[in-house]
Amino acid sequence: MSYLNYFKKPIDETVKRRTSCRTYEDILLNENDKKELLSFGRIVNNGLWNEKIEYSLLEFSVEELKKKKMSAYGLFKNLRSFIAGIIEKADFHHMSYGYAMEHIVLKATELGLGTCWVAYFDRHAIEGINIKEDQTIPAIILIGYPAEERTVKEKIARFAIRASKRHDWREIFFHGDISNPLSKEAAGPYAEALEFLRLSPSAGNAQPWRIVKDQSKHSYHFFKKVVNQGYEKNKLHDIDIGIAMCHFELGAAKNGLEGKWDLTEPLLPNLPDKTTYMISWTQALH
Ligand SMILES: Cc1cc2nc3c(=O)[nH]c(=O)nc-3n(C[C@H](O)[C@H](O)[C@H](O)COP(=O)(O)O)c2cc1C
């Protein structure tokens, strides 16, 4: 089951409105927004393989965060808060982490908050969180009220990674095998789910997702194309796949399509270089 019912506003508007925010107002979250977010976090408390996830909202003064070297990015302005997700380690916990945390990102967006995934952060920033041996914090999410305008630095950074651009459908969605592009018509009721996926954030906007609609069944196979070796080494592409799963599942649910995630290892011909199978979605047929 998807988490769609826990969103109060139209999910398509929320998905389209979300962009990374690096320029904030110098204020902390109000009590109501904090409460909404943390209670939603208590619902999204499991990964795809049942890994336990809990969330910690950390608040600082701008000066304190500068000391913690968060400002080393040079990009963030007036950063006061971030959310760290603490997940149980497992074989595929990076995917689970992306999946769960992106729900939090979308809930924050619904509340009118700005967010930014950050994978490279100074470990001092999370000092004070009690992490057990079998737990980890693969990335954090900056959170706050967006300022009226992005700083010039942020605008330049977005331009450099073409942050507002996404691959065309024919480059990332396929039918039967990975050399045959999938049209919106052939995707039918899944067209919106795929469009939600295309709008997903990804590390460095690398967009490592390659999705193949199964010829015979109501299944979509998710592949990872390694675009950046550094990201791959740090499992950021895996987090990106989890984020994409969150967007796809919400888009499917909006169109009345429920299903399940499993590992089916489809035998697909013509797999390009550096492309590996990750997971499949199979529609529940009533
Ligand atoms: C796993 C992950 C890690 C990221 N790490 C950083 C980061 O360290 N610093 C940063 O400024 N942005 C980071 N981002 C944000 C991406 O650059 C951003 O999502 C992408 O450029 C697309 O732009 P958009 O989110 O505005 O659609 C990260 C995103 C993801 C999904």
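## The ligand shell and helix α10

Let's start at the ligand: α10 contributes four residues to the shell around it, the most of any element (helices, H or I of at least four residues, and strands, E of at least two, are DSSP runs numbered from the N terminus). Please keep in mind that this is a predicted model, in which local features need pLDDT of at least 70 and side-chain atom pairs count only at pLDDT 80 or more, while totals for chains, interfaces and linings use all residues. Residues are numbered from 1 along each chain as its sequence is written.

The ligand has 21 residues around it, and T19, S20, W117, P201 and N205 come nearest (a residue is near a molecule if its C-beta atom, placed from the backbone, lies within 6 Å of it). Two or more residues of this shell come from each of β3 (114-118) and α10 (236-254). By type, the shell holds 14 nonpolar, five polar and two charged residues (Ala, Val, Leu, Ile, Met, Phe, Trp, Tyr, Cys and Pro count as nonpolar, Asp, Glu, Lys and Arg as charged, and the others, Gly among them, as polar).

## Two domains

The protein chain is assigned domain 1 (4-158) and domain 2 (169-283), with bounds from an automatic or database domain assignment. Because both domain 1 and domain 2 give residues to the shell around the ligand, the ligand lies between them. Their C-alpha centres are 24 Å apart.

Across the boundary, 19 residues of domain 1 are in contact with 21 residues of domain 2 (contact means C-beta atoms, placed from the backbone, within 7 Å). On the domain 1 side, α1 (11-17) and α4 (93-110) are the elements that give two or more residues. Helix α4 has the largest share there, with eight residues. That side of domain 1 divides into 11 nonpolar, five polar and three charged residues.

## Helix α10 and its neighbour α8

Back to α10, which has 19 residues and reaches 27 Å from its first C-alpha to its last, close to the expected 27 Å (1.5 Å times one less than the number of residues). Of these 19 residues, 17 are buried, so the helix is mostly covered (buried means 20 or more other C-beta atoms within 10 Å of a residue's own, exposed 12 or fewer, partly exposed in between, with C-beta atoms placed from the backbone). After the helix comes G256, with a positive phi near 75 degrees.

One residue worth a look is G251, which lies in α10. G251 counts as buried because 26 other C-beta atoms lie within 10 Å. Apart from neighbours within four places in sequence, G251 is in contact with E192, A193, E195, F196 and L197. P189 sits 62 residues away along the chain, yet its C-alpha atom is 9.6 Å from that of G251.

Those contacts of G251 also appear among the buried residues of α8, namely E192, A193, L194, E195, F196, L197 and R198. Helix α8 (residues 191-198) is mostly covered, with seven of its eight residues buried. Their cover includes α1, α6 (169-172), β6 (173-175), α7 (184-187), β8 (209-213) and α10.

## Strands around β11

Strand β11 (residues 275-283) pairs with β9 (residues 219-225) in the antiparallel sense over seven bridges (pairing requires at least two DSSP bridges between two strands). In this pair, Y220 stands opposite W281.

Strand β10 (residues 259-262) also runs antiparallel to β11, joined by four bridges. Here D262 stands opposite S280 of β11.

Key. Contact = placed C-beta atoms within 7 Å.
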